[in-house]
Amino acid sequence: VKAIVGVSYSEIFFGNCVAMGLPCLRVSVADSEAIQAVVTKDPSVQVTVDVEKLEVRAGSQTWKAQMGDGHRKQFLTGQWDATGELIAGLEQV
């Protein structure tokens with residue numbers, strides 16, 4: 001599992017996922033059901049999450065997704081590991 005796609009997340013779950021480098025994107029209920037239908041029809045289909053474009057792809061279909069700008073930027077720049085950044089800059093802290 002390299003990403004999670006869902007309708008909503010609790011703050012604690014989302015924060016823990018970010019701390020582990022696991023992006024969580026949100027989609028609408030209808031889109032979530034459509035994605036599940038594609039996977040149910042063909043369990044071998046590859047589901048791809050594009051954090052930069054905020055898209056979820058499965059087979060030939062694409063759905064728009066959402067993620068907060070701050071968290072999205074963290075994943076795009078590789079700065080999601082706050083603890084690692086603190087340890088790396090320990091002398092400055």
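**Entry 1: aromatic residues**

I began with two aromatic side chains and found Tyr9 buried, and Phe14 likewise. I note at the outset that the model is predicted. I then searched for ring pairs and obtained a count of two aromatic pairs. In one of them, the ring centres of Tyr9 and Phe13 lie 6.0 Å apart with the planes at 10°, so I recorded the pair as stacked. An angle under 30 degrees is what the stacked class requires. Tyr9 also pairs with Phe14, at 6.3 Å from centre to centre and with 45° between the planes, and I entered this pair as tilted. I therefore drew Tyr9, Phe13 and Phe14 as one aromatic cluster, because ring centres within 6.5 Å count as a pair.

I next asked how exposed Phe13 is. Its relative accessible area is 37%, so I listed Phe13 as partly exposed. Within the cluster, then, Tyr9 and Phe14 are buried, whereas Phe13 is partly exposed.

**Entry 2: Ser32**

I located Ser32 in helix H2, which spans residues 29-41. Is Ser32 buried or exposed? Its relative accessibility is 13%, so I counted Ser32 as buried; the limit for that class is under 20%. I then looked for its contacts, setting aside neighbours within four places in sequence, and found Val7 and Val27.

**Entry 3: Glu55**

I turned to strand E4, residues 55-58, where Glu55 is placed. Glu55 has a relative accessible area of 17%, and I therefore classed this acidic side chain's residue as buried. Which side chain makes a polar contact with that of Glu55? I found the side chain of Arg57, at 2.9 Å. I also listed what Glu55 touches, not counting residues up to four places away in sequence. The list holds Thr48, Val49 and Asp50, together with Thr62, Trp63, Lys64 and Ala65.

**Entry 4: a nonpolar patch**

I examined the surface for nonpolar patches and noted one of about 340 Å². Which residues make this patch? They are Leu86, Leu90 and Val93. I placed Val93 in the segment after helix H4 (82-88). Its relative accessible area is 70%, so I recorded Val93 as exposed, the threshold being over 50%.

**Entry 5: residues set side by side**

For my own reference I collected the accessibility results. Ser32, at 13%, and Glu55, at 17%, are both entered as buried. Phe13, at 37%, is entered as partly exposed, and Val93, at 70%, as exposed.

Terms used: Residues are numbered from 1 along each chain as its sequence is written. This is a predicted model: local features need pLDDT of at least 70, side-chain atom pairs count only at pLDDT 80 or more; totals for chains, interfaces and linings use all residues. Side-chain values use heavy atoms; hydrogens and water are left out. Helices (H or I, at least four residues) and strands (E, at least two) are DSSP runs, numbered from the N terminus. Buried means under 20% relative accessible area, exposed over 50%, partly exposed in between (1.4 Å probe, protein chains only). A polar contact is a pair of N or O atoms within 3.5 Å; within protein, one must be able to donate a hydrogen and the other to accept it, and residues adjacent in sequence count only if both atoms are side-chain atoms. Contact means heavy atoms within 4.5 Å. Patches are made of residues with over 30% relative accessible area and no salt bridge: like charges are joined within 9 Å, nonpolar side chains (Val, Leu, Ile, Met, Phe, Trp, Tyr) within 5 Å. Accessible areas come from the Shrake-Rupley method with a 1.4 Å probe; for residues, only the protein chains shown count as cover. A salt bridge is a side-chain nitrogen of Lys or Arg within 4 Å of a carboxyl oxygen of Asp or Glu. Rings of Phe, Tyr and Trp (its six-membered ring) pair if their centres lie within 6.5 Å; planes under 30 degrees apart count as stacked, over 60 as edge-to-face and the rest as tilted.
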